[in-house]
Structure formats: C-alpha cells, structure tokens
Amino acid sequence: MEAIKAPRGTRDVLGDESWKWAHVLDVCRDVARDFGYSEVLLPIFEHTELFSRGIGDTTDIVEKEMYTFIDRGGRSITLRPELTASMVRSYLEHGMAHQPQPVKLWGHGPMFRYERPQKGRYRQFQQVDFETLGAANPLADVETIDTSIELYRRLGISNLQVLINSVGCPKCRPVYRSALQNFLGDRLRDFCETCQDRFERNPLRVLDCKKPGCRELTESAPLVLDSLCDDCRVHFDTVVTGLSRIGANFRTDNRLVRGLDYYTKTAYEILAGELGAQNAVCGGGRYDNLAEAIGGPNVPGVGFASGIERIVLTMEGQGAYPGERPATDVYVIAVSSDASLEAVSLVHEIRSVGISADMDYMNRALKAQMKQASSVGAKFACIIGSDEMKSGMVGFKNMASGDQELIPRDEVLVRLTA
Ligand code: HAM
C-alpha cells in the first residue's frame, strides 16, 4: 500500500521551523498590546453566506477557491478563506458596537483557499489579522499601516515596499468603473482570457493582471485617483499626510486593486523581494460597507492580514533570525543502569525549577550520550555513575569549556540557578 502523504498545498511545519512561527506570534502579541488590539479566537468554519456576501460573489476566492461543504445538518459551511468577515460578524454578534469605539481586534490561525500551490502560496496557510472597527477616521488607516510596518520592523525584516491606493466608494467607483470599461472595451480582444472574463463582472481586477501583455495594454488606463469623490479624495490625502508624518516609507500605486470586493477607500499591500511571484507579505485596507453586506448596520472598518509562511520565508531570505532555536539546557547522563532512576529524579528536579533538561532513554553508552548532549545544545551535562551514586556526588560538565568537576548532588540546582 502506498504511504499517505499530506494533501497538495498543505505543509507540515516541523521543529526546525515552528520555533520561528512561535517567535512571529510572540512579536505579534507584543505589537497588539502596544497598539491596543485584543486577541479573539474565532471559528475555523462559518456559514458560506458570510463569505459570499462579505468577500463578494465575483471574486476568485468565492468563485473558485473556497472549501465549501454541506454538513450533516444540511447547512452550507465554508472553511474560512480569510478572517476579516469573521471579525466583523463577531463584532456584530457580540454587540461590540456598544463598547467605546473603535474596537481593535487581532487574531491568527489557518485559512483555506483552493489555489494553485507554489512558493509562498498554499491551500492551507496561516494569517495574523488586525482589525479596527467603528472608526471612519483616515488616521485609523494610518495606524493600521503603521501597525504592520512596526510588526515587520520588530521582526527584523527590511527592504519592504509599502504600496497604497484608494479604490473609492460606492459613490465614485461606478464612475471609475465605467471610465475603465470604456477604455478597456476598445482593446478587449487583445487581453488574456481572465481579463476578458473580468471585464463585465469585476473590471478593476484587470489592472491587477500580472501578464506583461495585459499590463502594457493598461499602461495608459484612466487612474482611479482621478475619479475619487471629494470625500474619498480628502480621506486619501489625509492618509498620505499621516503616513508621511510618521516617517513611513511608502509609495502610491494606482494599479493596486485588491482581490476582495469589500474594500472602500484605502487599499494597501506590502511586498517583499525575497518572495518571488507571490510577493505580498501583507494586504489590507478599509471596508466601510462590509458590516452592511453581511446584514448589520453601517460599521466602518480597516485592517490588514499577513501570511506567517511568507513572513518566515522573508526572514529566512534576509537572514533575519530570531536568535537561536531553543535548546535543552542540561543533559543528565546515567553511566550505569542503577544510575538511571537517579537521572530520572534529577531531570525531574531540574525541570521543576523551570530549566530545560533531558536524558537518554535508549541505553546509549557514555560517549554516545555525551554526543547527544552536544547535539541538543546542552550547556551543562550532569554525569551519574555507580561511584557518584555511592558518594552522593554528580559529575558537572560545562559543555562549552569542557571543564568537569565533581559536586555534591544537592548543589546541582544551586549551580544551575546561580
Ligand atoms: P489577502 O491579501 O487575501 O487579504 O491576504 C493577506 C495575506 O495573506 C497576503 O498578503 C499573504 O501574505 C497571505 N496569503 C494570502 N493567500 C495566501 C496563500 N494562498 N498562501 C500563503 N499566504 C497567503 C486578506 O485576507 C484580507 N482579509 C486582509 C484584510 C484584513 N483586509 C482588511 N483587513
């Protein structure tokens, strides 16, 4: 029988990598605290309608990428492809509108999209997500972008490109949409099939096509910034001014349109050169009509999400290592079989004071145990043989210097905690 492998587009994050993920989440937690976001833990599956109404029926995510199934109760359920719609649902469901506004939430966990897997693109991937709900103020957009920039700064990531744009609002976007359609209509036959397909249903996404031919054709397309209504224009200008005021390194990108339909006004992405084709480490923006789209009152919101796989890839690409992989501090070596129980007891005592310790369970010889002590990165080895058992002593070896001395068994913890 052939051995079963993990499904395509998923990956096992093993011990040599998972400690980096833990570090990323620790830094997210610190940033969240300093910027005033509280953590929420939301379900991994939701009613399909939340995403079809929230993200938009004509988006790739809803049309082609969702993991949707009918559960045993006959409900249509979807594994979440992103967290924003769930965040807004939770805000509405728990009456957070009655708390002092804005409400700032963050969360993390696996997301699911049936995409074509490649470097940095998976079918199950992990996002950290930060949302600010209840504030229409453009300075909340500035804070959101600042939160993401600060997160990467604390992770030691540099050389990122922060791109911002405005995608307008329901008042001015139709104006832009028809200006763009007028422009595209004359040249439609020259575009790729996907763009032709998007022409009617989601023409702004044509600007996002990565094919060089299509990009060239849209070079002189009308700019969304030229069609903004006064409200969107002032909003965008304030975001730009605010970002400049905090010294953010960013640029405006007129082509930036996001793959989710809920965005209004600000849209932004952060790109990292180390990622190759899937170069967005972060995506976000404002979504003032999402709450209404999922059946709630009007609640403005702004936020971003970042993929942990892409964060770790970028850190690895830039050599931005978060210190060393955690190692075992002490390795206890039993040289004779009667010393094994003493070793068990010493390991237990060392661990109980919060120092990491380990021992051999494979009946290895002294030399092999010493080798094991080095390979787990132990700073000290405690060696117990028959003689030590009789005399109540322990061989105490500093692994870095190689110095070894005989100390009373009772002194081991004192030495380790000194
Ligand atoms: P998104 O651009 O679809 O936006 O995803 C945000 C980030 O998640 C991307 O920049 C990327 O780092 C990561 N990501 C997305 N898809 C994959 C994938 N298949 N494999 C690996 N990483 C991936 C959103 O999800 C919005 N909810 C962001 C947001 C929050 N907007 C407002 N608030």
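**View 1. A little sheet of three strands.** This open sheet has three strands in the order S2-S4-S3, and the pairing is antiparallel. Strand S2 (45–47) and S3 stand at the edges with a single partner strand each, so one side of each has no neighbour in the sheet. On average, neighbouring strands here are turned by 35° against each other, direction ignored. A quick word on terms: strands (E, at least two residues) and helices (H or I, at least four residues) are DSSP runs, numbered from the N terminus, and two strands pair if DSSP finds at least two bridges between them. Axes are lines fitted to C-alpha atoms, for helices over the stretch in contact, and angles run from 0 to 180 degrees between N-to-C directions.

Before moving on, note that this is a predicted model: local features need pLDDT of at least 70, side-chain atom pairs count only at pLDDT 80 or more, and totals for chains, interfaces and linings use all residues. Residues are numbered from 1 along each chain as its sequence is written, and side-chain values use heavy atoms, with hydrogens and water left out.

**View 2. The hairpin of S3 and S4.** Strand S3 (residues 67–70) and strand S4 (residues 76–79) pair in the antiparallel sense over four bridges. Look for phenylalanine 69, whose bridge partner in S4 is isoleucine 77. Five residues sit between the two strands, and glycine 74 takes a positive phi near 80° in this hairpin.

**View 3. The sheet of eight strands and its helices.** Follow the order S1-S5-S6-S11-S10-S9-S7-S8 through this open sheet, where the pairing is mixed. Its edge strands, S1 (38–39) and S8 (250–252), each pair on one side only. Helix H4 (residues 84–93) lies across strand S5 (103–112) and strand S6 (124–133), running at about 45° to S6. Helix H5 (residues 138–154) packs on the sheet too, touching S5, S6, strand S7 (160–166), S9, S10 and strand S11 (301–307), and its direction makes about 20° with that of S11.

**View 4. Zooming in on S9 and S10.** Strand S9 (residues 266–272) and strand S10 (residues 280–286) run antiparallel, joined by five bridges. Glutamate 269 has glycine 283 in S10 as its bridge partner. Arginine 286 also lies in S10, and it's buried (under 20% relative accessible area, 1.4 Å probe, protein chains only), with a value of 0%. A polar atom of the arginine 286 side chain lies 3.3 Å from the backbone oxygen of asparagine 137.

**View 5. Inside the largest nonpolar core.** Such a core is a set of buried Ala, Val, Leu, Ile, Met, Phe, Trp, Tyr and Cys residues joined through side-chain atoms within 4.5 Å. Of the 90 residues in this one, Leu151, Tyr152, Leu155 and Ile164 touch the most other members. Helix H1 (residues 15–35) gives the most to the core, with eight residues. Leaving aside neighbours within four places in sequence, leucine 155 is in contact (heavy atoms within 4.5 Å) with His23, Val24, Val27, Ile311, Met315 and Ala320. Another core of 18 residues lies apart from the largest one, with Ala334, Val347, Phe396 and Leu416 among them.

**View 6. Cysteines without a bond.** A disulfide is a pair of cysteine sulfur atoms within 2.5 Å, and by this rule the count is zero. For cysteine 28, the nearest cysteine sulfur is that of cysteine 282, 11 Å away. For cysteine 232, the nearest is that of cysteine 169, 3.6 Å away.

Technical notes:
Buried means under 20% relative accessible area, exposed over 50%, partly exposed in between (1.4 Å probe, protein chains only). A polar contact is a pair of N or O atoms within 3.5 Å; within protein, one must be able to donate a hydrogen and the other to accept it, and residues adjacent in sequence count only if both atoms are side-chain atoms.
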